[in-house]
Amino acid sequence: MSDCSSPYVSTTNACKLCKPLGACLAFRGVEGAVPFLHGSQGCATYMRRYIISHFREPMDIASSSLGEKHAVYGGEANLKQGLMNVIQKFGPRLIGVATTCLTETIGDDVPMIMRAFRREMSAGQADEGLPILVDVATPSYSGTHTEGFHTAVLALIDQMASCSGSSSGRGKINLLPGFVSPADIRYFKEVCADFGLPAVVLPDISETLDGPALEDYQKIPQGGTLVAEIKDMGCSRQTIELGRALYRHSTAGRLLQDRFQVPLSSLGTPIGLRETDAFFEVLKSLAGCEIPIKHATERGRLIDAYVDAHKYIFDKHALIYGEEDLVIGLTSFLAETGIRPVICATGGKTARFREAIEDVTRDILPDLPAIREGADFFDIAEEAEALSADLIVGHSKGYHLARRLNIPLIRVGFPIHDRFGGHRTLHVGYRGAQRLLDCMVNAVLEKKQEASSVGYGYM
Ligand code: SF4
(Lines give C-alpha, C1' and ligand atoms only; values in the text may rest on other atoms or scores of the structure.)
Protein backbone atom coordinates (compact mmCIF):
# COMPACT_ATOMS: atom_id res chain seq x y z
CA MET A 1 0.00 0.00 0.00
CA SER A 2 1.42 3.40 -0.86
CA ASP A 3 2.08 5.89 1.89
CA CYS A 4 0.92 9.34 0.76
CA SER A 5 2.89 11.03 3.55
CA SER A 6 6.19 9.44 2.42
CA PRO A 7 8.89 12.01 1.56
CA TYR A 8 10.04 9.86 -1.38
CA VAL A 9 10.33 11.80 -4.64
CA SER A 10 11.21 10.06 -7.87
CA THR A 11 14.35 11.08 -9.78
CA THR A 12 13.77 13.20 -12.89
CA ASN A 13 17.30 14.06 -14.05
CA ALA A 14 19.91 12.94 -11.54
CA CYS A 15 23.00 15.05 -10.96
CA LYS A 16 25.24 11.96 -10.82
CA LEU A 17 26.40 9.03 -12.94
CA CYS A 18 26.62 5.29 -12.59
CA LYS A 19 28.87 3.88 -9.83
CA PRO A 20 30.88 1.28 -11.85
CA LEU A 21 31.59 3.97 -14.46
CA GLY A 22 33.75 5.68 -11.85
CA ALA A 23 35.48 2.38 -11.07
CA CYS A 24 36.25 1.85 -14.79
CA LEU A 25 37.86 5.31 -14.96
CA ALA A 26 40.04 4.53 -11.95
CA PHE A 27 41.15 1.18 -13.44
CA ARG A 28 41.95 2.95 -16.74
CA GLY A 29 44.60 4.88 -14.80
CA VAL A 30 46.69 1.77 -14.12
CA GLU A 31 49.42 0.44 -16.42
CA GLY A 32 48.19 -2.33 -18.73
CA ALA A 33 44.77 -2.53 -17.10
CA VAL A 34 41.48 -3.57 -18.68
CA PRO A 35 38.29 -2.49 -16.87
CA PHE A 36 35.77 -5.33 -16.76
CA LEU A 37 32.09 -5.14 -15.83
CA HIS A 38 30.37 -8.12 -14.33
CA GLY A 39 26.95 -7.42 -15.79
CA SER A 40 25.09 -6.91 -19.02
CA GLN A 41 26.42 -5.59 -22.32
CA GLY A 42 24.15 -2.58 -22.06
CA CYS A 43 25.94 -1.26 -18.98
CA ALA A 44 29.34 -1.46 -20.70
CA THR A 45 28.00 0.17 -23.87
CA TYR A 46 26.46 3.08 -21.99
CA MET A 47 29.68 3.69 -20.02
CA ARG A 48 31.93 3.47 -23.08
CA ARG A 49 29.76 5.98 -24.91
CA TYR A 50 29.77 8.36 -21.97
CA ILE A 51 33.52 8.17 -21.44
CA ILE A 52 34.52 8.35 -25.12
CA SER A 53 32.33 11.41 -25.76
CA HIS A 54 34.17 13.29 -23.03
CA PHE A 55 37.75 12.08 -23.45
CA ARG A 56 37.64 11.46 -27.23
CA GLU A 57 39.84 8.42 -26.74
CA PRO A 58 39.12 4.72 -27.31
CA MET A 59 37.78 3.08 -24.16
CA ASP A 60 37.39 -0.67 -24.06
CA ILE A 61 35.32 -1.99 -21.18
CA ALA A 62 35.02 -5.76 -21.15
CA SER A 63 31.84 -7.39 -19.91
CA SER A 64 30.62 -10.78 -18.72
CA SER A 65 27.58 -10.18 -20.99
CA LEU A 66 24.88 -11.49 -18.72
CA GLY A 67 21.40 -12.14 -20.10
CA GLU A 68 18.02 -12.86 -18.57
CA LYS A 69 18.78 -16.47 -17.57
CA HIS A 70 21.82 -15.39 -15.55
CA ALA A 71 19.54 -13.30 -13.37
CA VAL A 72 18.16 -16.67 -12.24
CA TYR A 73 21.19 -18.97 -12.39
CA GLY A 74 23.97 -16.49 -11.58
CA GLY A 75 26.85 -15.20 -13.68
CA GLU A 76 29.81 -17.28 -12.48
CA ALA A 77 30.41 -19.16 -15.73
CA ASN A 78 30.18 -15.97 -17.79
CA LEU A 79 32.56 -14.11 -15.52
CA LYS A 80 35.20 -16.85 -15.79
CA GLN A 81 34.75 -17.13 -19.55
CA GLY A 82 34.94 -13.36 -19.90
CA LEU A 83 38.16 -13.18 -17.91
CA MET A 84 39.68 -15.90 -20.13
CA ASN A 85 38.67 -13.98 -23.26
CA VAL A 86 40.23 -10.75 -21.99
CA ILE A 87 43.46 -12.53 -21.03
CA GLN A 88 43.73 -14.13 -24.47
CA LYS A 89 42.74 -11.07 -26.52
CA PHE A 90 44.34 -8.21 -24.57
CA GLY A 91 47.22 -9.81 -22.62
CA PRO A 92 46.57 -7.33 -19.78
CA ARG A 93 48.77 -6.66 -16.78
CA LEU A 94 45.68 -6.20 -14.60
CA ILE A 95 41.94 -6.74 -14.91
CA GLY A 96 39.76 -4.54 -12.73
CA VAL A 97 36.38 -6.23 -12.22
CA ALA A 98 33.50 -3.99 -11.12
CA THR A 99 30.08 -5.35 -10.31
CA THR A 100 26.84 -3.77 -11.59
CA CYS A 101 23.25 -3.40 -10.39
CA LEU A 102 22.28 -6.78 -11.82
CA THR A 103 25.05 -8.87 -10.28
CA GLU A 104 24.76 -7.12 -6.92
CA THR A 105 21.01 -7.77 -6.93
CA ILE A 106 21.30 -11.47 -7.74
CA GLY A 107 24.09 -11.72 -5.17
CA ASP A 108 27.02 -13.13 -7.14
CA ASP A 109 29.96 -13.61 -4.78
CA VAL A 110 32.61 -12.09 -7.03
CA PRO A 111 35.61 -12.42 -4.66
CA MET A 112 34.79 -16.13 -4.28
CA ILE A 113 34.44 -16.58 -8.06
CA MET A 114 37.79 -14.83 -8.62
CA ARG A 115 39.48 -17.12 -6.08
CA ALA A 116 37.99 -20.14 -7.82
CA PHE A 117 39.17 -18.80 -11.19
CA ARG A 118 42.73 -18.40 -9.90
CA ARG A 119 42.65 -21.93 -8.43
CA GLU A 120 41.44 -23.40 -11.71
CA MET A 121 44.11 -21.56 -13.68
CA SER A 122 46.70 -22.75 -11.21
CA ALA A 123 45.50 -26.39 -11.41
CA GLY A 124 45.76 -26.21 -15.18
CA GLN A 125 49.21 -24.67 -14.76
CA ALA A 126 47.97 -21.70 -16.74
CA ASP A 127 48.54 -19.20 -13.95
CA GLU A 128 51.97 -18.35 -15.33
CA GLY A 129 51.54 -14.83 -16.53
CA LEU A 130 48.02 -14.59 -15.09
CA PRO A 131 47.22 -10.88 -14.75
CA ILE A 132 46.53 -9.29 -11.40
CA LEU A 133 42.81 -9.51 -10.70
CA VAL A 134 41.25 -6.75 -8.61
CA ASP A 135 37.55 -6.78 -7.79
CA VAL A 136 35.29 -4.07 -6.45
CA ALA A 137 31.61 -4.02 -5.46
CA THR A 138 29.86 -1.12 -7.20
CA PRO A 139 26.07 -1.42 -7.04
CA SER A 140 24.89 1.76 -8.72
CA TYR A 141 21.66 1.98 -6.73
CA SER A 142 23.72 2.73 -3.63
CA GLY A 143 26.16 5.36 -4.82
CA THR A 144 27.56 7.61 -7.50
CA HIS A 145 30.39 7.43 -10.04
CA THR A 146 32.54 9.35 -7.54
CA GLU A 147 32.05 6.66 -4.93
CA GLY A 148 32.77 4.00 -7.55
CA PHE A 149 36.02 5.77 -8.38
CA HIS A 150 37.17 5.99 -4.75
CA THR A 151 36.08 2.43 -4.02
CA ALA A 152 38.18 1.17 -6.94
CA VAL A 153 41.25 3.12 -5.76
CA LEU A 154 40.75 1.64 -2.31
CA ALA A 155 40.48 -1.87 -3.81
CA LEU A 156 43.72 -1.37 -5.79
CA ILE A 157 45.57 -0.43 -2.61
CA ASP A 158 43.88 -3.08 -0.48
CA GLN A 159 44.53 -5.93 -2.90
CA MET A 160 47.95 -4.88 -4.24
CA ALA A 161 49.97 -2.58 -1.94
CA SER A 162 52.61 -3.97 0.35
CA CYS A 163 56.02 -3.09 1.73
CA SER A 164 58.70 -5.68 1.23
CA GLY A 165 62.16 -5.35 2.76
CA SER A 166 63.82 -4.50 -0.54
CA SER A 167 61.10 -2.11 -1.69
CA SER A 168 61.99 0.66 -4.10
CA GLY A 169 59.10 2.75 -2.79
CA ARG A 170 61.05 4.25 0.11
CA GLY A 171 61.42 7.99 -0.18
CA LYS A 172 58.50 8.39 -2.57
CA ILE A 173 55.23 10.13 -1.82
CA ASN A 174 51.83 8.70 -2.68
CA LEU A 175 49.48 11.20 -4.28
CA LEU A 176 45.82 10.17 -4.38
CA PRO A 177 44.32 13.00 -6.45
CA GLY A 178 40.69 11.87 -6.59
CA PHE A 179 38.59 12.17 -9.74
CA VAL A 180 40.27 14.99 -11.66
CA SER A 181 41.09 15.57 -15.33
CA PRO A 182 44.14 14.31 -17.28
CA ALA A 183 45.32 17.96 -17.37
CA ASP A 184 45.05 18.12 -13.58
CA ILE A 185 47.12 14.93 -13.21
CA ARG A 186 49.80 16.33 -15.53
CA TYR A 187 49.87 19.48 -13.40
CA PHE A 188 50.29 17.48 -10.17
CA LYS A 189 53.16 15.51 -11.68
CA GLU A 190 54.84 18.69 -12.88
CA VAL A 191 54.54 20.34 -9.45
CA CYS A 192 55.94 17.29 -7.63
CA ALA A 193 58.84 17.12 -10.10
CA ASP A 194 59.51 20.86 -9.61
CA PHE A 195 59.77 20.25 -5.86
CA GLY A 196 62.11 17.30 -6.53
CA LEU A 197 59.62 14.89 -4.95
CA PRO A 198 59.33 11.44 -6.57
CA ALA A 199 55.59 10.76 -6.56
CA VAL A 200 53.32 7.80 -7.26
CA VAL A 201 50.05 9.24 -8.55
CA LEU A 202 47.15 6.77 -8.37
CA PRO A 203 45.30 6.59 -10.66
CA ASP A 204 47.13 8.31 -13.51
CA ILE A 205 44.85 8.95 -16.50
CA SER A 206 47.09 11.71 -17.90
CA GLU A 207 48.13 9.57 -20.89
CA THR A 208 45.69 6.66 -20.94
CA LEU A 209 42.76 9.04 -21.45
CA ASP A 210 44.60 11.83 -23.30
CA GLY A 211 47.30 10.21 -25.40
CA PRO A 212 49.07 11.16 -28.62
CA ALA A 213 48.02 9.95 -32.09
CA LEU A 214 49.70 6.65 -32.98
CA GLU A 215 50.33 4.82 -36.24
CA ASP A 216 48.74 1.61 -34.96
CA TYR A 217 45.81 1.05 -32.65
CA GLN A 218 46.87 -0.16 -29.23
CA LYS A 219 44.52 -2.51 -27.44
CA ILE A 220 45.62 -1.08 -24.10
CA PRO A 221 46.85 2.54 -24.12
CA GLN A 222 50.29 3.48 -22.86
CA GLY A 223 50.62 5.13 -19.47
CA GLY A 224 48.95 4.68 -16.11
CA THR A 225 50.39 4.12 -12.64
CA LEU A 226 52.99 1.38 -12.81
CA VAL A 227 51.89 -1.89 -11.21
CA ALA A 228 55.27 -2.17 -9.48
CA GLU A 229 54.78 1.28 -7.95
CA ILE A 230 51.32 0.42 -6.63
CA LYS A 231 52.77 -2.69 -5.00
CA ASP A 232 55.35 -0.51 -3.24
CA MET A 233 52.97 2.19 -2.01
CA GLY A 234 53.06 0.69 1.48
CA CYS A 235 56.71 1.75 1.71
CA SER A 236 56.30 5.41 0.74
CA ARG A 237 57.29 8.13 3.19
CA GLN A 238 53.96 10.01 2.99
CA THR A 239 50.53 9.90 1.39
CA ILE A 240 48.71 13.02 0.26
CA GLU A 241 45.01 12.30 -0.24
CA LEU A 242 42.93 15.03 -1.87
CA GLY A 243 39.22 15.52 -1.26
CA ARG A 244 37.41 16.98 1.74
CA ALA A 245 34.30 14.91 1.05
CA LEU A 246 36.05 11.57 1.51
CA TYR A 247 33.99 10.50 4.44
CA ARG A 248 34.53 6.79 4.72
CA HIS A 249 36.90 5.58 7.40
CA SER A 250 38.38 3.25 4.85
CA THR A 251 39.86 5.61 2.27
CA ALA A 252 42.93 4.43 0.39
CA GLY A 253 45.06 6.93 2.31
CA ARG A 254 43.77 5.73 5.67
CA LEU A 255 44.33 2.13 4.69
CA LEU A 256 47.97 2.88 3.84
CA GLN A 257 48.31 4.61 7.19
CA ASP A 258 46.66 1.86 9.24
CA ARG A 259 48.22 -1.13 7.50
CA PHE A 260 51.70 0.18 6.63
CA GLN A 261 52.07 3.24 8.89
CA VAL A 262 52.49 5.60 5.93
CA PRO A 263 51.77 9.09 7.35
CA LEU A 264 48.70 10.73 5.78
CA SER A 265 47.98 14.34 4.84
CA SER A 266 44.28 14.78 3.99
CA LEU A 267 43.66 17.97 2.03
CA GLY A 268 40.96 19.56 -0.07
CA THR A 269 41.18 19.35 -3.85
CA PRO A 270 43.48 22.33 -4.55
CA ILE A 271 41.11 24.60 -6.49
CA GLY A 272 41.57 28.33 -5.91
CA LEU A 273 44.16 30.19 -3.87
CA ARG A 274 43.60 28.96 -0.32
CA GLU A 275 43.23 25.25 -1.09
CA THR A 276 46.27 25.40 -3.41
CA ASP A 277 48.28 27.21 -0.72
CA ALA A 278 47.50 24.34 1.68
CA PHE A 279 48.66 21.81 -0.92
CA PHE A 280 51.90 23.68 -1.60
CA GLU A 281 52.58 24.03 2.16
CA VAL A 282 52.60 20.23 2.49
CA LEU A 283 54.89 19.88 -0.54
CA LYS A 284 57.21 22.55 0.88
CA SER A 285 57.58 20.73 4.18
CA LEU A 286 58.11 17.37 2.46
CA ALA A 287 60.70 18.78 0.05
CA GLY A 288 62.33 21.00 2.66
CA CYS A 289 62.50 23.92 0.26
CA GLU A 290 60.61 27.03 -0.73
CA ILE A 291 57.97 27.09 -3.45
CA PRO A 292 59.72 27.01 -6.87
CA ILE A 293 59.83 30.45 -8.49
CA LYS A 294 57.65 29.34 -11.42
CA HIS A 295 54.77 28.53 -9.08
CA ALA A 296 55.35 31.53 -6.82
CA THR A 297 55.02 33.72 -9.91
CA GLU A 298 51.80 31.98 -10.96
CA ARG A 299 50.44 32.60 -7.45
CA GLY A 300 51.30 36.27 -7.68
CA ARG A 301 49.65 36.59 -11.08
CA LEU A 302 46.50 34.93 -9.74
CA ILE A 303 46.22 37.40 -6.86
CA ASP A 304 46.68 40.25 -9.34
CA ALA A 305 43.91 38.79 -11.49
CA TYR A 306 41.59 38.51 -8.46
CA VAL A 307 42.05 42.26 -7.91
CA ASP A 308 41.51 43.10 -11.59
CA ALA A 309 38.44 40.87 -11.89
CA HIS A 310 36.73 42.08 -8.74
CA LYS A 311 34.83 44.97 -10.35
CA TYR A 312 33.28 42.62 -12.90
CA ILE A 313 32.30 39.68 -10.78
CA PHE A 314 31.83 40.92 -7.22
CA ASP A 315 28.51 39.73 -5.77
CA LYS A 316 27.52 37.81 -8.88
CA HIS A 317 25.47 34.79 -7.90
CA ALA A 318 26.62 31.33 -8.98
CA LEU A 319 25.04 27.92 -9.02
CA ILE A 320 27.61 25.13 -8.68
CA TYR A 321 26.94 21.42 -9.17
CA GLY A 322 28.87 18.22 -9.81
CA GLU A 323 31.03 15.78 -7.89
CA GLU A 324 31.33 16.56 -4.19
CA ASP A 325 35.00 17.51 -4.10
CA LEU A 326 34.83 19.52 -7.29
CA VAL A 327 31.89 21.51 -5.88
CA ILE A 328 33.65 22.07 -2.56
CA GLY A 329 36.82 23.27 -4.32
CA LEU A 330 34.89 25.53 -6.70
CA THR A 331 32.85 26.96 -3.83
CA SER A 332 36.03 27.84 -1.96
CA PHE A 333 37.50 29.39 -5.12
CA LEU A 334 34.43 31.39 -6.17
CA ALA A 335 33.91 32.73 -2.66
CA GLU A 336 37.45 34.12 -2.53
CA THR A 337 37.03 35.87 -5.91
CA GLY A 338 33.96 37.78 -4.71
CA ILE A 339 31.39 35.63 -6.52
CA ARG A 340 28.69 34.43 -4.18
CA PRO A 341 27.82 30.72 -4.52
CA VAL A 342 24.07 30.55 -3.88
CA ILE A 343 23.48 26.85 -4.51
CA CYS A 344 26.05 24.07 -4.06
CA ALA A 345 24.57 20.85 -5.38
CA THR A 346 25.84 17.31 -5.79
CA GLY A 347 24.22 14.06 -6.79
CA GLY A 348 25.99 12.22 -3.98
CA LYS A 349 25.06 12.00 -0.34
CA THR A 350 27.98 12.20 2.03
CA ALA A 351 28.22 13.04 5.65
CA ARG A 352 31.03 15.48 4.92
CA PHE A 353 29.63 17.65 2.11
CA ARG A 354 27.75 20.21 4.21
CA GLU A 355 30.52 20.43 6.78
CA ALA A 356 33.14 20.95 4.06
CA ILE A 357 31.10 23.71 2.35
CA GLU A 358 30.75 25.40 5.74
CA ASP A 359 34.52 25.11 6.33
CA VAL A 360 35.49 26.71 3.02
CA THR A 361 32.95 29.55 3.18
CA ARG A 362 33.11 30.45 6.87
CA ASP A 363 34.69 33.88 7.45
CA ILE A 364 34.38 34.76 3.77
CA LEU A 365 30.68 34.63 2.83
CA PRO A 366 27.94 36.48 4.72
CA ASP A 367 25.52 33.56 4.31
CA LEU A 368 25.93 29.86 3.80
CA PRO A 369 24.89 28.81 0.25
CA ALA A 370 21.91 26.49 -0.16
CA ILE A 371 23.39 22.98 0.03
CA ARG A 372 21.72 20.22 -1.93
CA GLU A 373 22.80 16.57 -1.71
CA GLY A 374 21.30 13.81 -3.80
CA ALA A 375 20.34 16.65 -6.12
CA ASP A 376 18.19 16.44 -9.23
CA PHE A 377 18.38 19.01 -12.04
CA PHE A 378 14.60 19.39 -11.88
CA ASP A 379 14.83 20.77 -8.34
CA ILE A 380 17.99 22.79 -8.99
CA ALA A 381 16.27 24.57 -11.90
CA GLU A 382 13.42 25.79 -9.73
CA GLU A 383 15.78 27.12 -7.09
CA ALA A 384 18.17 28.72 -9.58
CA GLU A 385 15.34 30.74 -11.05
CA ALA A 386 14.23 31.97 -7.65
CA LEU A 387 17.78 32.94 -6.61
CA SER A 388 18.57 34.87 -9.81
CA ALA A 389 21.86 33.14 -10.57
CA ASP A 390 24.28 34.99 -12.89
CA LEU A 391 26.52 31.99 -13.60
CA ILE A 392 26.20 28.23 -13.66
CA VAL A 393 29.36 26.23 -13.04
CA GLY A 394 29.25 22.52 -13.75
CA HIS A 395 29.36 19.80 -16.40
CA SER A 396 27.45 19.72 -19.66
CA LYS A 397 24.37 18.02 -18.23
CA GLY A 398 23.44 21.50 -17.00
CA TYR A 399 23.30 22.93 -20.52
CA HIS A 400 19.51 22.74 -20.87
CA LEU A 401 19.08 24.48 -17.54
CA ALA A 402 21.53 27.23 -18.57
CA ARG A 403 19.77 27.65 -21.93
CA ARG A 404 16.33 27.84 -20.40
CA LEU A 405 17.39 30.43 -17.82
CA ASN A 406 19.67 32.25 -20.28
CA ILE A 407 22.61 32.07 -17.87
CA PRO A 408 26.22 31.40 -18.97
CA LEU A 409 27.45 27.87 -18.23
CA ILE A 410 31.12 27.48 -17.29
CA ARG A 411 31.92 23.90 -18.16
CA VAL A 412 34.02 22.01 -15.63
CA GLY A 413 34.36 18.43 -14.43
CA PHE A 414 32.85 15.37 -16.10
CA PRO A 415 31.10 14.87 -18.47
CA ILE A 416 31.56 17.65 -21.01
CA HIS A 417 29.83 16.28 -24.08
CA ASP A 418 28.92 19.48 -25.91
CA ARG A 419 32.35 21.09 -26.14
CA PHE A 420 35.76 19.99 -27.36
CA GLY A 421 38.72 19.44 -25.03
CA GLY A 422 36.75 19.10 -21.80
CA HIS A 423 39.22 16.50 -20.54
CA ARG A 424 42.04 19.06 -20.93
CA THR A 425 40.31 21.44 -18.52
CA LEU A 426 42.77 22.39 -15.80
CA HIS A 427 40.93 22.94 -12.51
CA VAL A 428 43.68 22.69 -9.91
CA GLY A 429 46.56 24.82 -8.73
CA TYR A 430 47.23 28.52 -9.24
CA ARG A 431 47.31 27.92 -12.99
CA GLY A 432 43.93 26.17 -13.03
CA ALA A 433 42.35 28.93 -10.90
CA GLN A 434 43.72 31.54 -13.31
CA ARG A 435 42.17 29.78 -16.28
CA LEU A 436 38.79 29.32 -14.58
CA LEU A 437 38.76 32.93 -13.42
CA ASP A 438 39.40 34.19 -16.96
CA CYS A 439 36.54 32.01 -18.27
CA MET A 440 34.12 33.27 -15.64
CA VAL A 441 34.94 36.96 -16.03
CA ASN A 442 34.65 36.69 -19.81
CA ALA A 443 31.32 34.89 -19.54
CA VAL A 444 29.97 37.73 -17.39
CA LEU A 445 31.32 40.34 -19.82
CA GLU A 446 29.90 38.53 -22.84
CA LYS A 447 26.47 38.34 -21.25
CA LYS A 448 26.56 42.05 -20.45
CA GLN A 449 27.74 42.86 -23.96
CA GLU A 450 24.98 40.81 -25.57
CA ALA A 451 22.29 42.32 -23.35
CA SER A 452 23.43 45.87 -24.06
CA SER A 453 21.50 48.00 -26.56
CA VAL A 454 24.68 49.91 -27.46
CA GLY A 455 27.00 46.88 -27.51
CA TYR A 456 29.96 47.99 -25.42
CA GLY A 457 33.29 47.51 -27.21
CA TYR A 458 35.33 48.52 -24.17
CA MET A 459 34.58 47.22 -20.68
S1 SF4 B 1 23.03 2.20 -13.30
FE2 SF4 B 1 23.20 -0.05 -13.00
S3 SF4 B 1 22.04 -0.93 -14.74
FE4 SF4 B 1 22.48 1.21 -15.26
S5 SF4 B 1 24.40 1.16 -16.44
FE6 SF4 B 1 24.95 1.50 -14.28
S7 SF4 B 1 25.34 -0.56 -13.46
FE8 SF4 B 1 24.20 -0.82 -15.39
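Here a biologist and a modeller talk through a predicted model.

Biologist: Glad to have you here! Which residues surround the ligand, and how many of the shell are charged?

Modeller: Happy to help. The ligand is surrounded by Cys18, Pro20, Cys43, Tyr46, Thr100, Cys101 and Ser140. That shell divides into five nonpolar and two polar residues, and the number of charged ones is no more than a plain zero: no charged residues.

Biologist: Where is Pro203, and what is omega of the cis peptide bond that joins Leu202 to it?

Modeller: Pro203 sits in the loop between strand E6 (199-201) and helix H9 (227-231). Most peptide bonds are trans. The bond between Leu202 and Pro203 is cis, with omega at about -5°.

Biologist: And what about the peptide bond from Phe414 to Pro415: cis or trans?

Modeller: Pro415 is found in the loop between strand E13 (409-411) and helix H17 (429-451). Omega of the bond from Phe414 is near 5°, and the bond is cis.

Biologist: Nice. Is Asp315 buried, partly exposed or exposed?

Modeller: Let's place the residue to begin with: Asp315 lies in the loop between helix H12 (293-313) and strand E9 (317-321). Its phi is positive, near 65°, though Asp315 is not a glycine. Buried would need under 20% relative accessible area and exposed over 50%. Asp315 has 33%, so it counts as partly exposed.

Biologist: What is phi of Ser388?

Modeller: Ser388 belongs to the loop between helix H15 (377-386) and strand E12 (391-394). Most residues other than glycine have a negative phi. Ser388 has a positive phi, about 50°.

Biologist: On to the rings! How far apart in sequence are the parts that Phe195 and Phe280 tie together?

Modeller: The structure holds eleven aromatic pairs. One of them is Phe195 with Phe280, a tilted pair at 5.8 Å centre to centre and 55° between the planes. Phe195 lies in the loop between helix H8 (182-194) and E6, and Phe280 in helix H11 (residues 273-287), so the parts tied together are 85 residues apart.

Biologist: How is the pair of Tyr321 and Phe377 arranged: stacked, tilted or edge-to-face?

Modeller: Tyr321 lies in strand E9 and Phe377 in helix H15, so the pair links parts 56 residues apart in sequence. Both Tyr321 and Phe377 are buried. The centres are 5.0 Å apart, and with 80° between the planes the pair is edge-to-face.

Biologist: Lastly, which ring has the charged end of Lys448 over it?

Modeller: The charged end of Lys448 is 5.9 Å from the ring centre. A charge counts as over a ring within 6 Å of that centre, given a suitable angle to the normal. The ring is that of Tyr456.

Note on methods: Residues numbered from 1 in each chain as written. Predicted model: local features only at pLDDT ≥ 70, side-chain atom pairs only at ≥ 80, totals over all residues. Heavy atoms only, no water. Near = heavy atom within 4 Å. Nonpolar A, V, L, I, M, F, W, Y, C, P; charged D, E, K, R; others polar. Helix = DSSP H or I, 4+ residues; strand = E, 2+ residues; numbered from the N terminus. Buried < 20%, exposed > 50% of the residue type's maximum accessible area, 1.4 Å probe, protein only. Phe/Tyr/Trp six-rings, centres within 6.5 Å; stacked < 30°, edge-to-face > 60°. Lys NZ or Arg CZ within 6 Å of the ring centre and 35° of its normal.
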